[in-house]
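The exercises that follow are meant for a reader who is meeting this structure for the first time. Each one gives a task and then a solution worked out step by step.

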Amino acid sequence: MAETKTVREIALNLLERVNQDGSFSHILINQTISKHDLKREDRGLLTEMVYGTLQRQMTLDYYLKHFVGKKKLDPWVRILLRMSLYQTIYLSRIPDHAVINEAVTIAKKRGHKGISGFVNGVLRQVQREGIPSLDSIDDPITKLAVSTSHPTWMVKRWVEQYGFETTRKMCESNIESKRVSVRVQPLRIERDEAISHLEQEGIKTIPSRLSSQGLVITEGNVLESSLFPDQLTIQDETSMLVSEMVDPSSEMSVLDACSAPGGKATHMAEKMAGEGTLYAYDLHESKIKLINDKAETLGLNNIITTPMDSRHLNEQHDHGSFDRILLDAPCTGLGVLRSKPDIKYQKSEENISELADVQRQLLDALMPLLKEDGQFVYSTCTVDQEENEHQIKALLERVPQLEVDPSFFEELPEVCQSLSGLSEFGLQLYPHDFAADGFFITRLRFKSNLK
């Protein structure tokens, strides 16, 4: 019979896989919760320890350096110390002695007496002396990078693009817990009805200011609601704004060029009242299955899915085929660090340039498929100008018959009208704007479109 692992052992294993294999933390957590029969409170603790340790990794390493110096540590020992330090500093409900005892027990099982003694000694010293101050870091960019656990190159780049204060707000927002939001399936339930139903189940919500279908969860676990998953879809409210700005209707032909996992495709299909035709493409067949599964769960029959590289869709569709096109482009994901903290340690400036090139190819390939009076929405879940504003500026220079749709700015929700991320090229939503994902959204049209 296999030995039952404690929640901290499971967390350590997950963090090892993220650090060594580049595995995605959110996927691993979901798979692990499904695999292990964890109690509700253990599921919460596992998620908190994994995300929290990753979110604060650079800060924790700075603190640890004071206690371990240049001593070479096995990767799992360093991760165990990070995880233990995270609990000691940031989880006040867990007593220090419990954290230390559990860490020492794990060290004994994984290593030998010398390692367990070392782990015990380090954590006892932290308990006695407290953590070192960050005030000894003189350079403000380095200090912000360490205090919020963002790579220095990233902080420096954002400061150059947005200034220090906006960068500080972004970085601090990225290490806060993320609010859960959901989208109501309006063909099955009205939003007010969903609010009342959830209230009866002990789940409190507030209506989203970015989508008429959105709800932000303020208390309770929406995954335990009887409305989930066939009447409610988990989706960040800034992500919902993308489909709101596409604004498709039931008689339209709509293209979602990079569709998986299908959140925006199913949102648009709902806005089309399950009518019209929505073509959803993605490069990988396994991801197409995610879209189909989501559409089936929500009872949507107007989505046609095909695995295909959208740079070659001119082989599949004639020019001027679509009333609406959404290119939610592949990007670095630097706007979703709050929910996917491992991304910030895996990306580089070279990745930004590589993805910007793919985005440019997609824009050039897809724009001819738009009808003369159609609308083209470009979005990313990143906050880097090279992937966003600069991408659109370059496109308008290459294709002078295009323009940013003036009505885009008028139709944005009122709460977005005065945001600092507005520019002539679209809207950059920062993660601190709505305590949600960072997104760039813009809408393009041909200048001949007078509608």
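**Exercise 1. Decide whether Thr233 is buried or exposed, and find what it touches.**

Solution. The model is a predicted one, and the first step is to take the relative accessible area of Thr233, which is 7%. Buried means under 20% relative accessible area, and Thr233 is therefore buried. The next step is to place the residue, and Thr233 turns out to lie in strand S4, which covers residues 232-234. Finally, when residues up to four places away in sequence are not counted, Thr233 touches Ser181, Val182, Arg183 and Leu298.

**Exercise 2. Work out how helix H4 is oriented relative to helix H5, and which residues meet between them.**

Solution. Begin with the axes: those of H4 (residues 57-68) and H5 (residues 75-90) come within 10 Å and cross at roughly 105°. Angles of 65 to 115 degrees count as roughly perpendicular, and so H4 is roughly perpendicular to H5. Then list the partners: on the H4 side there are Gln57, Thr59, Leu60, Asp61, Tyr63, Leu64 and Val68, and these meet Arg78, Leu81, Arg82, Leu85, Tyr86, Ile89 and Tyr90 of H5. Sorted by character, the residues of this contact comprise 9 nonpolar, 2 polar and 3 charged.

**Exercise 3. Describe the largest nonpolar core and the surroundings of Val119.**

Solution. The largest nonpolar core holds 46 residues, and those with the most contacts inside it are Leu46, Val50, Leu80, Leu81 and Val119. The elements giving two or more residues to this core are the helices H1 (7-21), H2 (25-35), H3 (40-55), H4, H5, H6 (96-110) and H7 (113-129). Among these, H5 gives the most, with 8 residues. Turning to Val119, and leaving aside its neighbours within four places in sequence, one finds it in contact with Val77, Leu80, Leu81, Ala103, Val104 and Ala107. There is also a second, separate core of 31 residues, which includes Val246, Met252, Phe434 and Ile441.

**Exercise 4. Find where the buried residues of helix H17 fall around its axis, and what covers them.**

Solution. The buried residues of H17 (residues 389-398) are Glu389, Gln391, Ile392, Leu395 and Leu396. Seen down the axis of H17, these residues fall within an arc of 160°, so they line one face of the helix. Their cover includes helix H16 (349-366) together with the strands S9 (370-380), S10 (402-404), S11 (422-423) and S13 (439-446).

**Exercise 5. Locate two cis peptide bonds and two positive phi values, and give the setting of each.**

Solution. As background, most residues other than glycine have a negative phi, and most peptide bonds are trans. The bond from Phe228 to Pro229 is cis, with omega near 10°, and Pro229 is found in the loop between strand S3 (214-219) and S4. The bond from Ala260 to Pro261 is likewise cis, with omega near 5°, while Pro261 lies in the loop between strand S5 (253-256) and helix H13 (263-271).

For the phi values, take Ser149, which has a positive phi of about 55° although it is not a glycine. Ser149 lies in the loop between helix H8 (140-148) and helix H9 (152-162), and it is buried, with a relative accessible area of 0%. Ala435, which is not a glycine either, has a positive phi near 50°. Ala435 lies in the loop between strand S12 (426-429) and S13, and it is partly exposed, with a relative accessible area of 27%.

Technical notes: Residues numbered from 1 in each chain as written. Predicted model: local features only at pLDDT ≥ 70, side-chain atom pairs only at ≥ 80, totals over all residues. Heavy atoms only, no water. Axes fitted to C-alpha atoms, helices over the stretch in contact; angles between N-to-C directions. Helix = DSSP H or I, 4+ residues; strand = E, 2+ residues; numbered from the N terminus. Parallel < 35°, antiparallel > 145°, perpendicular 65-115°, else oblique. Contact = heavy atoms within 4.5 Å. Nonpolar A, V, L, I, M, F, W, Y, C, P; charged D, E, K, R; others polar. Core = buried A, V, L, I, M, F, W, Y, C linked by side-chain atoms within 4.5 Å. Buried < 20%, exposed > 50% of the residue type's maximum accessible area, 1.4 Å probe, protein only. Arc of directions from axis to C-beta.
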